[in-house]
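Got your viewer open? Let's take a short walk through this model, one selection at a time.

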Amino acid sequence: MGTRKRNFIGVKDGVKENIEEIWNRIDEAARKVGRKREEIELVAVSKGVSAEKIREAVHSGIKIVGESRVQEAEVKHQELRDIEGLEWHLVGHLQRNKAKRAHLLFDLIQSVDKIELLRELEHKAMDMKKLQRVLLQVNISEEETKSGFSPDQVLNMAKEVSEFSYLQIEGLMGIASLADDEDRIRTSFRRLRELFDEIKREDLPNFKMRYLSMGMSQDFELAIEEGSNMIRIGRAIFGW
Ligand SMILES: *Cc1c(COP(=O)(O)O)cnc(C)c1O
(Lines give C-alpha, C1' and ligand atoms only; values in the text may rest on other atoms or scores of the structure.)
Protein backbone atom coordinates (compact mmCIF):
# COMPACT_ATOMS: atom_id res chain seq x y z
CA MET A 1 0.00 0.00 0.00
CA GLY A 2 1.07 3.55 -0.61
CA THR A 3 3.67 2.65 -3.22
CA ARG A 4 2.37 5.05 -5.80
CA LYS A 5 2.58 8.08 -3.59
CA ARG A 6 5.97 7.18 -2.20
CA ASN A 7 7.39 6.78 -5.69
CA PHE A 8 6.67 10.37 -6.61
CA ILE A 9 9.12 11.63 -4.05
CA GLY A 10 12.39 12.33 -5.76
CA VAL A 11 10.94 13.66 -9.00
CA LYS A 12 12.94 16.79 -9.79
CA ASP A 13 12.98 19.20 -12.69
CA GLY A 14 16.17 17.88 -14.21
CA VAL A 15 15.40 15.33 -16.89
CA LYS A 16 18.90 13.89 -16.69
CA GLU A 17 18.74 13.39 -12.91
CA ASN A 18 15.29 11.86 -13.19
CA ILE A 19 16.44 9.36 -15.79
CA GLU A 20 19.44 8.37 -13.67
CA GLU A 21 17.16 7.91 -10.69
CA ILE A 22 14.76 5.75 -12.74
CA TRP A 23 17.63 3.52 -13.89
CA ASN A 24 18.76 3.08 -10.28
CA ARG A 25 15.27 2.06 -9.34
CA ILE A 26 15.00 -0.30 -12.34
CA ASP A 27 18.27 -1.87 -11.28
CA GLU A 28 17.09 -2.37 -7.72
CA ALA A 29 13.71 -3.82 -8.71
CA ALA A 30 15.31 -6.15 -11.26
CA ARG A 31 17.89 -7.41 -8.78
CA LYS A 32 15.25 -8.14 -6.21
CA VAL A 33 13.89 -10.85 -8.50
CA GLY A 34 17.19 -12.00 -9.97
CA ARG A 35 16.91 -10.05 -13.21
CA LYS A 36 19.20 -7.55 -14.91
CA ARG A 37 18.49 -3.96 -15.87
CA GLU A 38 19.74 -4.73 -19.39
CA GLU A 39 16.62 -6.85 -19.93
CA ILE A 40 14.40 -3.82 -19.53
CA GLU A 41 13.58 -1.19 -22.15
CA LEU A 42 12.76 2.29 -20.91
CA VAL A 43 10.23 4.22 -23.00
CA ALA A 44 10.10 7.94 -22.19
CA VAL A 45 6.47 8.96 -22.58
CA SER A 46 6.61 12.50 -23.90
CA LYS A 47 2.98 13.45 -24.48
CA GLY A 48 2.57 17.14 -23.76
CA VAL A 49 6.35 17.56 -23.56
CA SER A 50 8.29 19.87 -25.88
CA ALA A 51 10.72 18.64 -28.51
CA GLU A 52 13.53 20.36 -26.60
CA LYS A 53 12.79 18.35 -23.45
CA ILE A 54 12.78 15.19 -25.54
CA ARG A 55 16.16 16.18 -26.93
CA GLU A 56 17.44 16.53 -23.37
CA ALA A 57 16.15 13.04 -22.60
CA VAL A 58 17.90 11.65 -25.68
CA HIS A 59 21.14 13.26 -24.51
CA SER A 60 20.62 11.42 -21.24
CA GLY A 61 20.44 8.08 -23.00
CA ILE A 62 16.78 7.69 -23.95
CA LYS A 63 16.39 5.65 -27.15
CA ILE A 64 12.61 5.24 -27.30
CA VAL A 65 9.90 7.88 -26.97
CA GLY A 66 6.21 7.15 -26.49
CA GLU A 67 3.50 9.49 -27.72
CA SER A 68 -0.27 9.47 -27.26
CA ARG A 69 -1.47 11.43 -30.27
CA VAL A 70 -0.59 11.10 -33.93
CA GLN A 71 -0.71 14.79 -34.71
CA GLU A 72 1.41 15.88 -31.76
CA ALA A 73 3.94 13.17 -32.55
CA GLU A 74 4.17 14.23 -36.21
CA VAL A 75 5.15 17.77 -35.22
CA LYS A 76 7.82 16.64 -32.76
CA HIS A 77 9.09 13.93 -35.07
CA GLN A 78 9.72 16.63 -37.66
CA GLU A 79 11.46 18.88 -35.13
CA LEU A 80 13.71 16.03 -34.04
CA ARG A 81 14.42 14.53 -37.45
CA ASP A 82 18.16 15.17 -37.04
CA ILE A 83 18.35 12.59 -34.23
CA GLU A 84 19.35 9.28 -35.70
CA GLY A 85 18.00 5.98 -34.48
CA LEU A 86 15.39 7.36 -32.07
CA GLU A 87 12.45 4.94 -31.90
CA TRP A 88 8.90 6.30 -31.84
CA HIS A 89 6.15 4.31 -30.13
CA LEU A 90 2.45 5.06 -30.03
CA VAL A 91 0.97 4.36 -26.59
CA GLY A 92 -2.38 6.18 -26.90
CA HIS A 93 -5.66 5.21 -28.50
CA LEU A 94 -5.54 5.18 -32.29
CA GLN A 95 -8.55 5.96 -34.47
CA ARG A 96 -8.87 3.90 -37.60
CA ASN A 97 -8.86 6.95 -39.87
CA LYS A 98 -5.35 7.80 -38.63
CA ALA A 99 -3.94 4.34 -39.25
CA LYS A 100 -1.96 5.40 -42.30
CA ARG A 101 -0.31 8.37 -40.60
CA ALA A 102 0.46 6.20 -37.59
CA HIS A 103 1.96 3.55 -39.85
CA LEU A 104 4.23 6.11 -41.49
CA LEU A 105 5.44 7.48 -38.20
CA PHE A 106 5.64 4.83 -35.51
CA ASP A 107 8.16 2.02 -35.24
CA LEU A 108 5.92 0.23 -32.77
CA ILE A 109 2.21 0.76 -32.12
CA GLN A 110 1.68 -0.44 -28.56
CA SER A 111 -1.99 0.44 -28.23
CA VAL A 112 -3.83 -1.75 -30.73
CA ASP A 113 -7.11 -2.46 -29.00
CA LYS A 114 -9.53 -3.59 -31.70
CA ILE A 115 -9.63 -6.21 -34.42
CA GLU A 116 -10.89 -3.57 -36.90
CA LEU A 117 -7.83 -1.47 -36.18
CA LEU A 118 -5.56 -4.46 -36.79
CA ARG A 119 -7.26 -5.03 -40.15
CA GLU A 120 -6.85 -1.38 -41.09
CA LEU A 121 -3.17 -1.40 -40.13
CA GLU A 122 -2.65 -4.58 -42.13
CA HIS A 123 -4.16 -2.87 -45.20
CA LYS A 124 -2.08 0.28 -44.83
CA ALA A 125 1.08 -1.71 -44.24
CA MET A 126 0.32 -3.82 -47.30
CA ASP A 127 -0.26 -0.70 -49.44
CA MET A 128 3.11 0.67 -48.37
CA LYS A 129 4.80 -2.73 -48.48
CA LYS A 130 6.31 -2.06 -45.10
CA LEU A 131 5.91 -4.26 -42.03
CA GLN A 132 4.15 -2.74 -39.03
CA ARG A 133 5.24 -3.86 -35.58
CA VAL A 134 2.46 -3.81 -32.98
CA LEU A 135 1.62 -4.81 -29.43
CA LEU A 136 -1.87 -5.86 -28.40
CA GLN A 137 -3.29 -3.76 -25.59
CA VAL A 138 -5.10 -5.82 -23.00
CA ASN A 139 -7.50 -4.38 -20.45
CA ILE A 140 -6.06 -5.78 -17.22
CA SER A 141 -7.40 -3.07 -14.95
CA GLU A 142 -10.95 -4.43 -14.73
CA GLU A 143 -12.02 -0.84 -15.21
CA GLU A 144 -14.67 -0.26 -17.86
CA THR A 145 -13.14 2.98 -19.04
CA LYS A 146 -9.85 1.45 -20.10
CA SER A 147 -9.41 0.36 -23.68
CA GLY A 148 -7.92 -2.91 -24.74
CA PHE A 149 -8.92 -6.46 -25.58
CA SER A 150 -10.46 -8.32 -22.72
CA PRO A 151 -8.09 -10.91 -21.25
CA ASP A 152 -10.58 -13.65 -22.13
CA GLN A 153 -10.63 -12.71 -25.79
CA VAL A 154 -7.02 -12.01 -26.52
CA LEU A 155 -5.81 -15.54 -27.20
CA ASN A 156 -8.61 -16.31 -29.67
CA MET A 157 -8.10 -12.96 -31.30
CA ALA A 158 -4.39 -13.65 -31.61
CA LYS A 159 -5.12 -16.86 -33.50
CA GLU A 160 -7.44 -14.97 -35.81
CA VAL A 161 -4.86 -12.34 -36.77
CA SER A 162 -2.00 -14.75 -37.20
CA GLU A 163 -2.80 -14.93 -40.92
CA PHE A 164 -2.00 -11.24 -41.47
CA SER A 165 1.18 -10.83 -43.43
CA TYR A 166 2.21 -7.20 -42.92
CA LEU A 167 1.75 -7.09 -39.17
CA GLN A 168 4.25 -8.42 -36.72
CA ILE A 169 2.84 -8.83 -33.25
CA GLU A 170 5.65 -8.43 -30.77
CA GLY A 171 3.90 -8.62 -27.42
CA LEU A 172 1.32 -7.22 -25.05
CA MET A 173 0.76 -3.87 -23.39
CA GLY A 174 -1.34 -3.18 -20.32
CA ILE A 175 -2.19 -0.47 -17.84
CA ALA A 176 -2.77 -1.57 -14.26
CA SER A 177 -5.60 -0.42 -12.09
CA LEU A 178 -5.09 3.12 -10.93
CA ALA A 179 -6.26 2.21 -7.46
CA ASP A 180 -3.66 2.58 -4.76
CA ASP A 181 -3.68 -1.09 -3.93
CA GLU A 182 -0.50 -3.08 -4.40
CA ASP A 183 -2.16 -6.50 -4.43
CA ARG A 184 -4.57 -5.46 -7.12
CA ILE A 185 -1.83 -3.96 -9.25
CA ARG A 186 0.28 -7.11 -8.91
CA THR A 187 -2.67 -9.29 -9.86
CA SER A 188 -3.19 -7.23 -13.04
CA PHE A 189 0.47 -7.52 -14.01
CA ARG A 190 0.54 -11.24 -13.28
CA ARG A 191 -2.48 -11.75 -15.49
CA LEU A 192 -0.79 -10.00 -18.39
CA ARG A 193 2.38 -12.02 -17.88
CA GLU A 194 0.39 -15.26 -18.00
CA LEU A 195 -1.37 -14.20 -21.20
CA PHE A 196 1.97 -13.28 -22.72
CA ASP A 197 3.39 -16.73 -21.92
CA GLU A 198 0.27 -18.46 -23.23
CA ILE A 199 0.36 -16.67 -26.56
CA LYS A 200 4.08 -17.20 -26.86
CA ARG A 201 3.63 -20.94 -26.38
CA GLU A 202 1.18 -21.02 -29.31
CA ASP A 203 4.07 -20.04 -31.58
CA LEU A 204 1.74 -18.38 -34.10
CA PRO A 205 2.86 -17.15 -37.50
CA ASN A 206 3.57 -13.39 -37.55
CA PHE A 207 4.00 -13.38 -33.81
CA LYS A 208 7.37 -12.59 -32.36
CA MET A 209 6.56 -12.29 -28.69
CA ARG A 210 9.33 -10.14 -27.23
CA TYR A 211 7.79 -7.31 -25.27
CA LEU A 212 5.73 -7.35 -22.14
CA SER A 213 5.03 -3.63 -21.86
CA MET A 214 3.75 -2.82 -18.39
CA GLY A 215 4.65 -0.36 -15.65
CA MET A 216 4.34 3.44 -15.47
CA SER A 217 5.68 6.10 -13.08
CA GLN A 218 3.61 4.89 -10.13
CA ASP A 219 4.03 1.16 -10.48
CA PHE A 220 7.04 0.25 -12.62
CA GLU A 221 8.94 -1.50 -9.85
CA LEU A 222 6.03 -3.87 -9.24
CA ALA A 223 5.79 -4.43 -13.00
CA ILE A 224 9.47 -5.36 -13.21
CA GLU A 225 9.10 -7.75 -10.29
CA GLU A 226 6.23 -9.37 -12.21
CA GLY A 227 8.22 -9.79 -15.41
CA SER A 228 7.87 -6.58 -17.43
CA ASN A 229 10.63 -5.93 -19.95
CA MET A 230 9.36 -2.59 -21.23
CA ILE A 231 8.28 0.23 -18.94
CA ARG A 232 6.63 3.46 -20.05
CA ILE A 233 7.54 6.45 -17.92
CA GLY A 234 6.23 9.99 -18.32
CA ARG A 235 5.83 12.01 -15.16
CA ALA A 236 8.80 10.58 -13.29
CA ILE A 237 11.07 11.67 -16.17
CA PHE A 238 9.54 14.94 -17.30
CA GLY A 239 8.06 15.90 -13.98
CA TRP A 240 4.75 17.36 -15.11
C1 LIG B 1 0.77 8.61 -20.17
C2 LIG B 1 1.04 7.18 -20.33
C3 LIG B 1 2.15 6.59 -19.70
C4 LIG B 1 3.07 7.33 -18.77
O5 LIG B 1 2.42 7.57 -17.56
P6 LIG B 1 3.15 8.22 -16.30
O7 LIG B 1 2.24 7.94 -15.18
O8 LIG B 1 3.27 9.66 -16.62
O9 LIG B 1 4.46 7.56 -16.17
C10 LIG B 1 2.37 5.24 -19.94
N11 LIG B 1 1.55 4.51 -20.73
C12 LIG B 1 0.49 5.03 -21.34
C13 LIG B 1 -0.37 4.18 -22.19
C14 LIG B 1 0.19 6.38 -21.15
O15 LIG B 1 -0.90 6.91 -21.74
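**Stop one: the ligand**

Select the ligand and whatever is near it (any residue with a heavy atom within 4 Å): 12 residues surround it, the closest being Lys47, Ser217, Arg232, Gly234 and Arg235. A quick heads-up: this is a predicted model, where local features need pLDDT of at least 70 and side-chain atom pairs count only at pLDDT 80 or more, while totals for chains, interfaces and linings use all residues. Residues are numbered from 1 along each chain as its sequence is written, and side-chain values use heavy atoms, with hydrogens and water left out.

Now click on Lys47: a polar atom of its side chain lies 2.8 Å from an oxygen atom of the ligand. Next, pick Ser217, where a side-chain N or O atom is 2.5 Å from a ligand oxygen. Then show the backbone of Arg235, since one of its N or O atoms there lies 2.8 Å from an oxygen atom of the ligand. Taken alone, the ligand exposes 390 Å² (Shrake-Rupley method, 1.4 Å probe), and the protein buries 91% of that.

**Stop two: the whole chain**

Zoom out and show the C-alpha trace of the protein chain, which spans about 45 × 40 × 30 Å along its principal axes. Switch to cartoon to find 10 helices (DSSP runs of H or I, at least four residues) and eight strands (E, at least two).

Note on methods. A polar contact is a pair of N or O atoms within 3.5 Å; within protein, one must be able to donate a hydrogen and the other to accept it, and residues adjacent in sequence count only if both atoms are side-chain atoms.
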